[in-house]
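I opened this notebook to keep track of what I looked up, place by place. The entries below follow the order in which I went through the model.

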Amino acid sequence: MRILGIDPGSRRTGWGVVQLEGTKLRQIGAGTIKVAEKLPLAKRLHLIHQGLEQVVHEYGPEAVAVEEIFFARYPNAALKLGHARGVALLVASQCELEVHEYPPAIVKRTVVGRGAADKTQVTRLITALLGLKTPPEEDAADALAVAITHIQAYRSKALGR
């Protein structure tokens, strides 16, 4: 099972591909699609689309797991996040991949053990869970956490939990 996790953002979209091999999780690839904040939103979304398409074609995931929108403090930021998230869903649909969505608190609880974990804790635990020599960038770590959350949900269903 190979899952692409996506942590959408209008300036930085994290992505991470995790593969389940028996009972072991292995990182296949991870990174951050960074776009200049000064670009018009439509151009940023186009660049995110191109970047995610390239990731899908390069890594061949079986499904996509995307973090759901949380209620942001600033409505304008939430709207931009929603646009980036829409691009992620569009790429998955265009590539005919099944999409699974998880709230941020569930993702954090799955990898850290509590839903209020900060980005540093998530990065530290992802590094340990995947046996990485160097920690991934924060947005990539969040995306890997989303992919792991889906794999754990799948395992739980398979075991009838």
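**Entry 1: a loop residue**

I began with Glu96, which is found in the loop between helix 2 and strand 5; helices (H or I, at least four residues) and strands (E, at least two) are DSSP runs, numbered from the N terminus. The model is a predicted one, in which local features need pLDDT of at least 70 and side-chain atom pairs count only at pLDDT 80 or more, while totals for chains, interfaces and linings use all residues. Residues are numbered from 1 along each chain as its sequence is written, and side-chain values use heavy atoms, with hydrogens and water left out.

Glu96 is not a glycine, yet I read a positive phi of about 55° for it. With a relative accessible area of 76%, Glu96 is exposed, where exposed means over 50%, buried under 20% and partly exposed in between (1.4 Å probe, protein chains only).

**Entry 2: the sheet**

I then asked in what order the strands of the sheet are placed. Five strands form an open sheet in the order 3-2-1-4-5, and the pairing is mixed; two strands pair if DSSP finds at least two bridges between them. Strand 3 (24-34) and strand 5 (98-102) stand at the edges with a single partner strand each, so one side of each is left without a neighbour in the sheet. On average, neighbouring strands of this sheet are turned by 20° against each other, direction ignored; for such angles, axes are lines fitted to C-alpha atoms, for helices over the stretch in contact, and angles run from 0 to 180 degrees between N-to-C directions.

Helix 1 packs on the sheet and touches strand 1, strand 2 and strand 3, contact meaning heavy atoms within 4.5 Å. The direction of helix 1 makes about 15° with that of strand 2.

**Entry 3: strand 4 and its partners**

Strand 4 runs parallel to strand 1, to which four bridges join it, and parallel also to strand 5, with five bridges between these two. Looking at single pairs, I found Gly5 with Ala65 as its bridge partner in strand 4, Ile6 opposite Val66, and Ala63 opposite Glu98 in strand 5.

Is strand 4 mostly covered or mostly open? I noted that it is mostly covered, since five of its five residues are buried. Ala63, Ala65 and Glu67 point one way from the strand, whereas Val64 and Val66 point the other way.

**Entry 4: the nonpolar cores**

How many residues does the largest nonpolar core have? It has 20, and those with the most contacts inside it are Leu4, Ile6, Trp15, Ile48, Leu52 and Val64; a nonpolar core is a set of buried Ala, Val, Leu, Ile, Met, Phe, Trp, Tyr and Cys residues joined through side-chain atoms within 4.5 Å. The elements that give two or more residues to this core are strand 1 (2-7), strand 2 (12-21), helix 1 (41-59), strand 4 (63-67) and helix 2 (75-94). The largest share, six residues, comes from helix 1.

A second, separate core has 19 residues, including Ala65, Ala117, Leu130 and Ala145. Returning to Ile48, I listed its contacts beyond four places in sequence, among them Ile33, Val35, Ala84 and Val87.

**Entry 5: a buried charge**

Asp7 is found in strand 1, and I checked which side chain of opposite charge is nearest to it. That side chain is Lys119, 4.2 Å away, and Asp7 is buried yet has no salt bridge. Here Lys and Arg count as positive and Asp and Glu as negative, while His and the chain ends are not counted; a salt bridge is a side-chain nitrogen of Lys or Arg within 4 Å of a carboxyl oxygen of Asp or Glu. Not counting residues up to four places away in sequence, Asp7 touches several residues, including Arg12, Glu67, Lys119, Asp139 and Asp142.

**Entry 6: helices 4 and 5**

Thr127 has its place in helix 4 (residues 119-129) and is buried, with a relative accessible area of 14%. Leaving aside its neighbours within four places in sequence, I found Thr127 in contact with Leu132, Thr134, Pro135 and Pro136. Arg124 is found in helix 4 too, but it is exposed, with a relative accessible area of 52%.

Arg155 lies in helix 5 (residues 138-158) and is partly exposed at 22% relative accessible area. Beyond four places in sequence, Arg155 touches Leu20, Gly22, Thr23 and Lys24.
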